[in-house]
Amino acid sequence: MTAEGNAAQCLRLTGEMGPSEELLIHLRWQQPAPPKKKRFYTRKARPIELEFGCLFELEGGEKGCVQALGNACGALEEPPYILLECKARGGKPSGLETLRIRGGMLPHVKRLLFFSFVFEGAPNWRDARAQLQLRCPGSEELLVAMDGYESTQKLCSIALFEQKGGGVFELTPALRFFDGHSKMDQDFGWGLRWTPGRR
């Protein structure tokens, strides 16, 4: 599979991937710099822990969400052919989350919306300096940076991955901020039902 960029920051993926190949999407972020020390008291910055996930729609009409919340981590060998490397919470924030997509099943994918939300710490997207990194065998990496925004809303849609037919997929940045999953769903017309969840 090969990749081609354009002036609109859209990445086109063409060709087929082998059954054992995977499309890897990483979310990376950093911790805020510690505040400058004052003479008497300095409040310690709270670590930021981000969660990564995606909304999916398959060609057969199946829709859903892959995320750690609700333990909806997905699967590679069966629909949706997307797996989030879920991890147990505790200890220091990792600064990395990864979604894996089974390359040989990409023709079954109609569209994906990658998103992130703040699980711990105050929402400060500029200080987190988060990046979405897409890695495809035989192609250059694509980066979508999220550090140019100062929104205090906890959820951010990052990029839309869509099948255009003929084995062509496009990844387009879609940086928008929301108060919750249902608002994001409405904005992109996914049509899922949302209920409160927990890890």
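1. Two strands are counted as paired if DSSP finds at least two bridges between them. In this predicted model, strand S9 (residues 109–120) and strand S12 (residues 155–165) meet that criterion, since seven bridges join them and the two run antiparallel. Within this pairing, Leu112 stands opposite Phe161 of S12.

2. On the protein chain as a whole, there are two helices and 13 strands, and buried residues account for 43% of the 199 residues. If one takes the contacts between residues at least 6 apart in sequence, 64% of them join residues that are at least 24 apart. The accessible surface of the chain comes to about 10,900 Å², and carbon and sulfur atoms contribute 48% of that area.

3. Strand S12 also pairs with strand S13 (residues 168–178), to which nine bridges join it in an antiparallel arrangement. In this pairing, Leu160 has Thr172 of S13 as its bridge partner. The two strands form a hairpin with two residues between them, and Gly166, which lies in the turn, has a positive phi of about 65°.

4. A further element to look at is an open sheet of six strands, whose order is S6-S7-S8-S3-S10-S11 and whose pairing is antiparallel. Its edges are strand S6 (74–75) and strand S11 (142–145), each of which pairs on one side only. Inside this order, strand S7 (residues 82–84) and strand S8 (residues 96–102) run antiparallel and are joined by three bridges, with Leu84 of S7 standing opposite Leu99 of S8.

5. Which residues of helix H2 (residues 181–188) are buried? They are His181, Met184, Asp185 and Phe188. Seen down the axis of H2, these buried residues fall within an arc of 105°, and they therefore line one face of the helix.

6. As to what that face meets, the buried residues of H2 pack against strand S4 (49–58) and against S9, S12 and S13. The helix thus brings the discussion back to the strands of the earlier points, as S9 is joined to S12 by seven bridges and S12 to S13 by nine. Just after H2, Gly189 takes a positive phi of about 65°.

Terms used. Residues numbered from 1 in each chain as written. Predicted model: local features only at pLDDT ≥ 70, side-chain atom pairs only at ≥ 80, totals over all residues. Heavy atoms only, no water. Helix = DSSP H or I, 4+ residues; strand = E, 2+ residues; numbered from the N terminus. Buried < 20%, exposed > 50% of the residue type's maximum accessible area, 1.4 Å probe, protein only. Contact = heavy atoms within 4.5 Å. Areas by Shrake-Rupley, 256 points an atom, 1.4 Å probe, with all protein chains shown as cover. Arc of directions from axis to C-beta.
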